[in-house]
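Thanks for making the time this morning. I would like to walk you through one model, and I will try to keep to what can be read from its atoms.

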Amino acid sequence: PVVTELLQKIYSDKTIQFELDIPNQNLAGLDRDDMLELTGNLLDNATKWTTDLVKCSIKDEADTTTITIEDNGPGCSNDELKQLLSRGHRIDESVSGHGIGLSIVKEIAESYNAELKLSHSELGGLTVQIIFSRL
């Protein structure tokens, strides 16, 4: 996909493997531009922090759509996980960025009444899940 090719260029100092498990069709009831903004921000963050692996999956089921993005970067503490969704809050000031990516994701998720979950990834870094319900 174009987004991952662009991220490879932006973060050309790293060799990053992207594992994508995404459907080819549009997701039911979700605006394409909103989803590009949401996944673009999440993939950018994951690529920024990863050592060399970013996974993205989208599961479109009968009553939910779940987007999951995770990386094998350094991760963060439980306290830092709670702080990550504050607008402009950054865990590590030594990495470039403005600290608004996750808050944009949060706003989009809230506009769909979706659940946003941050957790520790089995890969070692961060896992972000957005669960959209169609109830």
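I will go from the sheet to the core, and then to one helix and one ring pair.

Please keep in mind throughout that what you have on the screen is a predicted model. Let me begin with the sheet, which is open and has 5 strands in the order β1-β2-β3-β5-β4, with mixed pairing. Its edge strands are β1, covering 17-21, and β4, covering 115-120, and each of these pairs on one side only. On average, and with direction ignored, neighbouring strands of this sheet are turned by 10° against each other.

If you now look at strand β3, residues 64-71, you will find that 7 bridges join β3 to β5, residues 126-133, and that these two strands run antiparallel. Within β3, isoleucine 69 stands opposite valine 128 in β5. Helix α2, residues 32-49, packs on the sheet, where α2 touches β1, β2, β3 and β5, and the direction of α2 makes about 20° with that of β3.

That brings me to the core. In soluble globular proteins, nonpolar side chains tend to be buried together. Here the largest nonpolar core has 30 residues, and those with the most contacts inside it are Leu38, Leu42, Ile69, Ile130 and Phe132. The elements that contribute two or more residues to this core are α2, β2, β3, α4 and β5.

Which residues is isoleucine 69 in contact with, once its neighbours within four places in sequence are left aside? Among them are Thr39, Leu42, Leu43 and Ala46, then Val54, Lys55 and Cys56, and finally Leu126, Thr127 and Val128.

Turning to α4, which spans 101-111, its buried residues are Gly101, Leu102, Ser103, Ile104, Val105, Ile108 and Ala109. These buried residues of α4 pack against α2, β4 and β5. After α4 comes asparagine 113, and its phi is positive, near 55°.

Last, the aromatic rings, where the count comes to 1 aromatic pair. Tyrosine 112 and phenylalanine 132 form this pair, which is edge-to-face, with 5.6 Å centre to centre and 90° between the planes. The pair links distant parts of the chain, since tyrosine 112 lies in the loop between α4 and β4 and phenylalanine 132 in strand β5, 20 residues apart. Why does phenylalanine 132 count as buried? Phenylalanine 132 is classed that way because its relative accessible area is 2%, whereas the cut-off for buried is under 20%.

Definitions and conventions: Residues numbered from 1 in each chain as written. Predicted model: local features only at pLDDT ≥ 70, side-chain atom pairs only at ≥ 80, totals over all residues. Heavy atoms only, no water. Pairing = 2+ DSSP bridges. Helix = DSSP H or I, 4+ residues; strand = E, 2+ residues; numbered from the N terminus. Axes fitted to C-alpha atoms, helices over the stretch in contact; angles between N-to-C directions. Contact = heavy atoms within 4.5 Å. Core = buried A, V, L, I, M, F, W, Y, C linked by side-chain atoms within 4.5 Å. Buried < 20%, exposed > 50% of the residue type's maximum accessible area, 1.4 Å probe, protein only. Phe/Tyr/Trp six-rings, centres within 6.5 Å; stacked < 30°, edge-to-face > 60°.
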